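I opened this structure to look up how its strands are arranged and what surrounds one residue. My entries are below.

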Amino acid sequence: MKFDAEVTYGAPMAQVWSMLRDTQFHEARLRAAHVDAKSVDVLEDGDSFTSVVEIVHDSTKLKLPSMAKRLLPSDSIRATISERWDMTTGEGVLAVDLGGLPVQLEATSRLHDEGESVTRTVRGDLTVTVPMIGKKLEAEAVKQVGEIVAAEEQAAADYLN
């Protein structure tokens, strides 16, 4: 299921790039979304960088229908979230590996310099490959994008202030 989102960062582009390259920001945005980071790395390569975040999340705390929870491990979900950014174009690519679960999430982002703030536009695609209920699960998961955006905006505001 395709989705679009927009995140606003209340700082100039240089500060936003610095924030996106800081492991402490990645940890803070996960905390704001009630997820704990197992590890966070940022790998820099000239005008680009990649953040790699590994999480372990209590599967009982997920906001999913009971039919979906039956498909999950009973204790926790392990995931790796990778974001690769090109600072010359302002474009980023996000991929989430959910450790063997039948879910694929990919998204592209673009940062737009608005002077004293930066807007991040996100276009994503979430696919759940479970017969008969996959589309319903996709719709439930996409409904939570607004909460994720709000958590990221709050974490960014706290970080930038």
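These notes go from the sheet to the helices on it and then to a single arginine.

Entry 1, the sheet. I am working with a predicted model. I found seven strands in an open sheet, and their order is β1-β7-β6-β5-β4-β3-β2. The pairing is antiparallel. I noted β1 (2-9) and β2 (37-45) as the edge strands, since each pairs on one side only. On average, neighbouring strands of this sheet are turned by 15 degrees against each other, direction ignored.

Entry 2, one strand pair. I looked up β4 (residues 76-86) and β5 (residues 91-97), which run antiparallel and are joined by seven bridges. In this pair, D86 stands opposite E91 of β5.

Entry 3, the helices. I saw helix α4 (residues 134-143) packing on the sheet, where α4 touches β1 and β7 (118-128). The direction of α4 makes about 160 degrees with that of β7. Helix α5 (residues 145-160) also packs on the sheet and touches β1 and β7. For α5 I noted an angle of about 20 degrees with the direction of β1.

Entry 4, R120. I located R120 in strand β7. Is R120 buried or exposed? Its relative accessibility is 5%, and buried means under 20%, so R120 counts as buried. I then looked up its polar contacts. The side chain of R120 makes one with the side chain of E83 at 2.5 Å, and another with the side chain of Y9 at 3.2 Å. Leaving aside neighbours within four places in sequence, I listed the residues in contact with R120, among them A5, R29, W85, L111 and E152.

Note on methods
Residues are numbered from 1 along each chain as its sequence is written. This is a predicted model: local features need pLDDT of at least 70, side-chain atom pairs count only at pLDDT 80 or more; totals for chains, interfaces and linings use all residues. Side-chain values use heavy atoms; hydrogens and water are left out. Two strands pair if DSSP finds at least two bridges between them. Axes are lines fitted to C-alpha atoms, for helices over the stretch in contact, and angles run from 0 to 180 degrees between N-to-C directions. Contact means heavy atoms within 4.5 Å. Buried means under 20% relative accessible area, exposed over 50%, partly exposed in between (1.4 Å probe, protein chains only). A polar contact is a pair of N or O atoms within 3.5 Å; within protein, one must be able to donate a hydrogen and the other to accept it, and residues adjacent in sequence count only if both atoms are side-chain atoms.
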